[in-house]
Amino acid sequence: MDAAMEQQLNYTAIQNLALSMVKAGHSVYIGGQAGCGKSTLVTHIMQWVENEGKSVAFTCTTGVACSNFSPVC
Ligand SMILES: Nc1ncnc2c1ncn2[C@@H]1O[C@H](COP(=O)(O)OP(=O)(O)OP(=O)(O)O)[C@@H](O)[C@H]1O
């Protein structure tokens, strides 16, 4: 994900914190109430990882959960 993409999304402070921690190489648990932006952030983290030339392994506990990530599942 490039800087323009991050700017366009206008992430919240907590989304930016999680993103910066991922970029720093930390393992991050992303949780929160329904609709707070978890899936949006995870999708863009996956895009960022791929843009870094790395592979992404993505799993969900159910098919319904995975349906939120149609571009990758
Ligand atoms: N920083 C943001 N600013 C504005 N809208 C946002 C932001 N992050 C996410 N959204 C929007 O909020 C909506 C809910 O986001 P998302 O589906 O990522 O939430 P979620 O936490 O994964 O929800 P759920 O727990 O129900 O699966 C989407 O329409 C998404 O585009």
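Helices in this report are DSSP runs of at least four residues, numbered from the N terminus. With that convention, Val56 can be placed in the loop between α3 and α4 (63–66). The structure described here is a predicted model.

## Overall architecture

The chain contains four helices and zero strands. Read from the N terminus on, the order of its elements is α-α-α-α. Of the 73 residues in the chain, 21% are buried. The accessible surface of the chain comes to about 5,200 Å², and carbon and sulfur atoms account for 53% of that area. Contacts that link distant parts of the sequence also occur: among contacts between residues at least 6 apart in sequence, 36% join residues at least 24 apart.

## The nonpolar core

In soluble globular proteins, nonpolar side chains tend to be buried together. In this model, the largest nonpolar core has eight residues, namely Tyr11, Ala18, Leu19, Val22, Leu41, Ile45, Trp48 and Val49. Two or more residues of this core come from each of the elements α2 (13–23) and α3 (38–51). The element that gives the most is α3, with four residues.

Individual contacts add detail to this picture. When neighbours within four places in sequence are left aside, Ala18 is in contact with Val28 and Leu41. Tyr11, a member of the core, is also joined to His44 by a polar contact of 3.5 Å between their side chains. His44 itself is found in helix α3. Because its relative accessible area is 12%, which is under 20%, His44 is classed as buried.

## The ligand and its surroundings

Which residues come nearest to the ligand? Of the 13 residues around the ligand, these are Gln15, Gly35, Lys38, Ser39 and Thr40. By class, the shell around the ligand has three nonpolar, nine polar and one charged residues. The element that gives the most to this shell is α3, with three residues.

The following table lists polar atoms of the protein with their distances from an oxygen atom of the ligand.

| Residue | Protein atom | Distance to a ligand oxygen atom |
|---|---|---|
| Cys36 | backbone N or O atom | 3.2 Å |
| Gly37 | polar backbone atom | 3.0 Å |
| Thr40 | N or O atom in the side chain | 2.7 Å |

Taken alone, the ligand exposes 630 Å², and the protein buries 54% of that area.

Two of the residues that come nearest to the ligand, Gln15 and Lys38, deserve a closer description. Gln15 has its place in helix α2. Its relative accessibility is 10%, so Gln15 counts as buried. Apart from neighbours within four places in sequence, Gln15 is in contact with Cys36, Gly37 and Leu41. Among these partners, Leu41 is a member of the largest nonpolar core, and a polar backbone atom of Gly37 lies 3.0 Å from an oxygen atom of the ligand.

Lys38 has its place in helix α3. Is Lys38 buried or partly exposed? Lys38 is partly exposed, because its relative accessible area is 25%, a value that falls between the limits of 20% and 50%. With neighbours within four places in sequence left aside, Lys38 is in contact with Ile30, Gly31, Gly32 and Gln33. A polar atom of the Lys38 side chain lies 3.0 Å from the backbone oxygen of Gln33. Lys38 and Leu19 are 19 residues apart in sequence, and their C-alpha atoms are 11 Å apart in space.

## The loop between α3 and α4

The loop between α3 and α4 includes Ser55 and Val56. At 74% relative accessibility, Ser55 counts as exposed. The C-alpha atoms of Ser55 and Val22 are 15 Å apart in space, while the two residues are 33 residues apart in sequence.

Val56 is partly exposed, with a relative accessible area of 32%. Residues up to four places away in sequence not being counted, Val56 touches Met46, Val49 and Glu50. One of these, Val49, belongs to the largest nonpolar core. The C-alpha atom of Val56 is separated by 9.7 Å from that of Ile45, a residue eleven places away along the chain.

Conventions:
Residues numbered from 1 in each chain as written. Predicted model: local features only at pLDDT ≥ 70, side-chain atom pairs only at ≥ 80, totals over all residues. Heavy atoms only, no water. Core = buried A, V, L, I, M, F, W, Y, C linked by side-chain atoms within 4.5 Å. Buried < 20%, exposed > 50% of the residue type's maximum accessible area, 1.4 Å probe, protein only. Contact = heavy atoms within 4.5 Å. Near = heavy atom within 4 Å. Polar contact = N/O pair within 3.5 Å; in protein donor to acceptor, adjacent residues only side chain to side chain. Areas by Shrake-Rupley, 256 points an atom, 1.4 Å probe, with all protein chains shown as cover. Nonpolar A, V, L, I, M, F, W, Y, C, P; charged D, E, K, R; others polar.
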